[in-house]
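The exercises below concern charged pairs and surface patches, and each is followed by a solution worked in steps. Please look at the sequence and the structure before reading on.

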Amino acid sequence: MTAAVDIPEKKEDVAVNFVTADNEVIMPASDTEVTFDEHGNYSTYYATKPAGSTTRRKAASEAHHWIIPAQYTGSEIAFRIDHNTHKLSIAAAKAVKHYYVVDGDYNYNYPYYSVFRLPELADHALKETSKGVYEGDVKLPTTKLMNIIGGNVTEGKITTPVGARYNSHSIDMKSAEDEVVMLALAPYDYWVSPWEIIGDKNNGTHHLILDMNQYKLTIKKDLTDVEETFALDGMLIEGLKGMLRITSDSDTEVAVYNMQGTLVKYISAQAGVTEISLPAGIYIAAGKKVMVR
């Protein structure tokens, strides 16, 4: 059983449980505090008890409740009860931190069903790198039709699609030299068309930048020449989580650029190991592309 409701914005946490048509109260089996993950999902086991001769409302008020933090109210929240596994799943629009690249035929018309699939789409996530800007390295859908879904905090809706409109929906990967830039329709508009992908025969991994400040999607082409580790003239450069590590036989200097060609760091590395903190992304160091996770 799945349903979605709009919970008005509250200043205090919200307590919830459920009563079935068979007069059973569905309540927490153990933990009561709802803690959403980065995909806006929470899952836990539930317990039941008969409502007895009392009213449903009274039975529910006397039973244990799940506590949803006030910061997630004022938006759409979905609930799914699985009677086979005795598990309750909750998803909140305001708790979804990312956007996700999905097939154009993805069933976003019923978003309170699809929101529970978001953890499965972790490899297709575009994560916020600056306010309103989301990036990620993903494979484009093999169906050749693509939408982007994500939590829309402004409207408080779950997995509202981002897409193209009318004649501006083709993504020509074959003709583009380095990148493709196109309009990404505002997420509050439900009437969007999926993008049609042309010429991506190798189904390579591409770097996507979704700028919701300008409603713009940029696709930087195939990353097959991007490395996480490479050796060059007595020097080893490694792209690690949140950093670039340079191991050198002697003192050396390395210029690090972003994919737009802007100088990010100029490193004077001494012999031995030098580590430089960098946000996740793709950089050009010593003339080669390297990925920082």
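Patches are made of residues with over 30% relative accessible area and no salt bridge, where like charges are joined within 9 Å and nonpolar side chains (Val, Leu, Ile, Met, Phe, Trp, Tyr) within 5 Å. Accessible areas come from the Shrake-Rupley method with a 1.4 Å probe, and for residues only the protein chains shown count as cover. A salt bridge is a side-chain nitrogen of Lys or Arg within 4 Å of a carboxyl oxygen of Asp or Glu.

This is a predicted model, in which local features need pLDDT of at least 70 and side-chain atom pairs count only at pLDDT 80 or more, while totals for chains, interfaces and linings use all residues. Residues are numbered from 1 along each chain as its sequence is written, and side-chain values use heavy atoms, with hydrogens and water left out.

**Exercise 1.** Find which residues form a nonpolar patch on the surface.

Solution. Tyr257, Leu263 and Tyr266 form this patch, with about 310 Å² of accessible area together. Tyrosine 266 has a relative accessible area of 51% and is therefore exposed (over 50%; buried is under 20%, partly exposed in between).

**Exercise 2.** Work out which residues the salt bridges join into one network.

Solution. Begin with glutamate 238 and arginine 245, whose side chains meet in a salt bridge at 3.8 Å, N to O. Next, arginine 245 also meets glutamate 275, at 2.8 Å, N to O. Shared partners thus join Glu238, Arg245 and Glu275 into one network. Within it, glutamate 238 is buried at 15% relative accessible area, whereas glutamate 275 is partly exposed at 42%.

Methods. Buried means under 20% relative accessible area, exposed over 50%, partly exposed in between (1.4 Å probe, protein chains only).
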